[in-house]
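Here is a set of questions about how some structural terms are earned, each answered by setting a value against its definition. Please look over the sequence and the structure before reading on.

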Amino acid sequence: MFAKLALLNILKHAKRSAVVFGAVAVAVVVLTIAGGVIRGLSDTVLASIIPTAGHVVITEAAAQDAANPLDLKYLIPGAEELLATLHDERIAVAETILTFPALLVEPVPDSKKEARNVGLMGQGVRPDTRFLSSVRAGITAGSFLPGGQGVALSNRVAKLLGVSLGGTVMVLTTDRGNNPWYQELPITGLFNSGSEQLDLNTFVVSQETARELVDAADMSREIRILLRDPETAPALAADLSRQLEGQGLRVLDWQRNFAAVLTIVKFLDILFVFIRVFFVIVAGSVITNSILMTVFERTREYGTLRAIGLKKRQLRAMILTEGALLGGLGSLAGLAVGIPLVLVMSVVGLDLGSATEYVGFSSRIYPLFSAIDGVTNLVFGTLIALAASWYASRVSSRLSVNQLLSHT
Amino acid sequence: MPETILAVRDVTKDYQLGKTVIPALKGVSFDIHEGEFLSIVGPSGCGKSTLLNLIGCIDKATSGSVTFQGTDLATLNDDQEAEIRLNQIGFIFQSFNLVSVLNVIENIEFPLLMNKVPRAERRAIVDHLVEVVGLGEFIRHRPDELSGGQRQRVAIARALVNRPRLVIADEPTANLDSETSATVMEAMKRLNEEDKVSFIFSTHNELIERYARRVIRLKDGRIVGDTAPGEH
């Protein structure tokens with residue numbers, strides 16, 4: 001009967017109920033979307049950027065404090081031999097990678113015409129590399145270094161240079177002896193990685209090609225390691241540091257390598273807590289006010305029920321039942337709107353602009369919905385309404401039967 | 001001599017309005033016996049509703065005692081008071097005070113639900129009372145679909161549903177026309193005579209006063225007469 005009475009009262013006081021219902025629903029929609037975006041940002045870092053950059057990275061130690069850490073004098077000699085010595089069951093994938101600065105130039109047969117050019121970072125990788133997943137997955141034309149041949153460019157760089165798939169591009173570098181060198185390479189793949197920074201700054205060749213271009217046989221910029229369990233990275237980094245001691249190498253785990261980005265992720269988590277608190281205050285105020293108004297309008301009715309034998313705690317339970325119903329239904333409605341929005345955005349993506357890339361994220365974020373977030377928001381919305389109802393029920397139950405009955 | 005079910009002894013009730021103390025009752029004493037059909041009469045503001053509220057466990061006296069079936073009501077906690085209002089004393093209000101979102105049956109059975117009476121038993125009790133107060137055709141109607149007299153008969157049925165020993169009615173006919181008032185009073189009198197339920201009701205209508213077998217007259221918070229109707 002209490003549940004029925006609560007439901008009937010909700011329907012009878014439809015306008016006020018709609019305010020409470022709407023406030024809860026809007027709060028849950030916003031929290032679901034905000035939670036999805038923040039989870040998407042975190043996921044970009046934890047599931048995309050960090051695995052692409054490696055859980056553990058080995059580089060030349062001297063590069064750390066160098067004015068130009070990309071100088072070719074900071075390559076690891078005998079990188080392939082060193083790679084072969086890395087045996088550890090915690091390691092899933094280990095690869096050498098040669099990063100080098102280069103100028104990509106449009107090939108022009110007519111020397112009178114000025115060739116377009118753009119300065120980029122070349123990534124020399126194995127054709128079957130497990131890294132650069134966003135590039136491999138983002139190939140829109142051609143394929144990723146077929147047979148180790150050619151060069152993969154982003155569509156945006158290809159457009160800047162006026163080149164296309166099947167054409168060629170001149171790759172100009174200076175080798176380790178500071179001698180200029182170039183190769184004209186066929187364009188075998190075009191990609192959209194989803195990251196503006198990556199698209200505008202990176203091209204990919206095979207490591208063999210990269211070594212030829214910079215005259216660095218058997219040398220690499222770094223050894224990237226992916227682990228079966230990312231949480232073992234600090235322990236493995238410490239073990240490898242001991243193993244490679246005296247070789248002038250530096251071993252860095254992802255927690256230290258991405259400390260700044262991880263701090264931002266933690267900051268976003270804290271920010272989300274503040275967003276929740278904000279909604280507790282704003283939505284809570286609206287809901288409390290509406291529930292209080294509804295309760296005050298029915299003070300005489302509560303007086304009647306008390307006069308015919310309803311106990312104080314039963315009155316409180318009745319008001320709380322109403323709040324729980326409104327909060328629960330409002331939260332469900334909020335989830336019914338919020339979850340599909342997040343799911344659509346998780347496919348389409350959300351462009352947050354290139355500024356986000358300077359703090360370590362990609363410009364296009366793919367929000368993620370998690371069931372835990374859904375349950376948390378459902379409980380959160382219901383609790384706001386319950387807390388407001390609890391306050392209203394306390395106010396009502398403090399009055400004596402006579403005060404309730406004589407309320408005008 | 002019938003059993004005394006209620007004893008009011010030297011009861012006073014003061015209301016505080018800012019710094020002003022307004023005495024509503026000034027030392028009222030009387031007894032109510034089983035099966036009585038008693039009327040409290042007097043002009044507006046004489047303390048009738050205050051006295052009924054004290055007897056009905058709705059308010060507390062400033063001094064003196066109200067003893068119901070041997071229990072001093074002043075000693076009861078909130079839950080015990082609610083228990084008495086639910087099972088021992090029925091209350092009928094001047095303005096009916098029905099729950100607007102519930103229909104006739106639901107309004108009447110609400111106190112039974114608070115007592116966790118099984119559904120079948122509930123239905124039998126409510127059906128009987130609906131017949132007694134003559135509302136058989138209106139069981140699915142909400143209060144706003146009923147006339148004043150019908151609403152008051154729903155309120156009477158609700159007051160009787162847990163078989164209380166005493167029913168208090170605060171000016172039950174004040175909002176009704178004379179014909180409907182007579183119907184309501186007849187219903188109350190019949191229940192008093194057939195089921196031996198004690199009734200105490202307030203009125204300032206002399207025609208209604210005549211239904212009572214005993215009349216207590218109040219004036220300025222004091223009892224100025226306790227007689228059979230017509231006696232002075």
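Q: Which residues of H1(A) and H12(A) meet in this predicted model?
A: On the side of H1(A), the residues are Phe2(A), Ala3(A), Leu5(A), Ala6(A), Leu7(A), Asn9(A) and Ile10(A), and they meet Ala317(A), Met318(A), Thr321(A), Glu322(A), Leu325(A) and Leu326(A) of H12(A). By class, this contact is made up of 10 nonpolar, 2 polar and 1 charged residues.

Q: Why is H1(A) called oblique to H12(A)?
A: The axes of helix H1 (residues 2-12) and helix H12 (residues 312-348), both of chain A, come within 9 Å and cross at roughly 60°. Angles from 65 to 115 degrees count as roughly perpendicular and those under 35 as roughly parallel, so a value that falls in neither range, nor over 145, is oblique, and H1(A) is therefore oblique to H12(A). The handedness of this crossing is right-handed.

Q: What makes S2 and S5 of chain B edge strands?
A: The open sheet has 4 strands in the order S2-S1-S4-S5 (chain B), with antiparallel pairing. Strand S2 (20-33) and strand S5 (71-72) of chain B each have a single partner strand, so one side of each is left without a neighbour in the sheet.

Q: How do you know that S1 and S4 of chain B pair?
A: Pairing requires at least two bridges, and 5 bridges join strand S1 (residues 4-17) to strand S4 (residues 63-68) of chain B, which run antiparallel; Ala7(B), for instance, has Thr67(B) in S4(B) as its bridge partner.

Key:
Residues numbered from 1 in each chain as written. Chains lettered and ligands numbered in written order. Predicted model: local features only at pLDDT ≥ 70, side-chain atom pairs only at ≥ 80, totals over all residues. Axes fitted to C-alpha atoms, helices over the stretch in contact; angles between N-to-C directions. Helix = DSSP H or I, 4+ residues; strand = E, 2+ residues; numbered from the N terminus. Left-handed = near helix turned anticlockwise from the far one by under 90°. Contact = placed C-beta atoms within 7 Å. Nonpolar A, V, L, I, M, F, W, Y, C, P; charged D, E, K, R; others polar.
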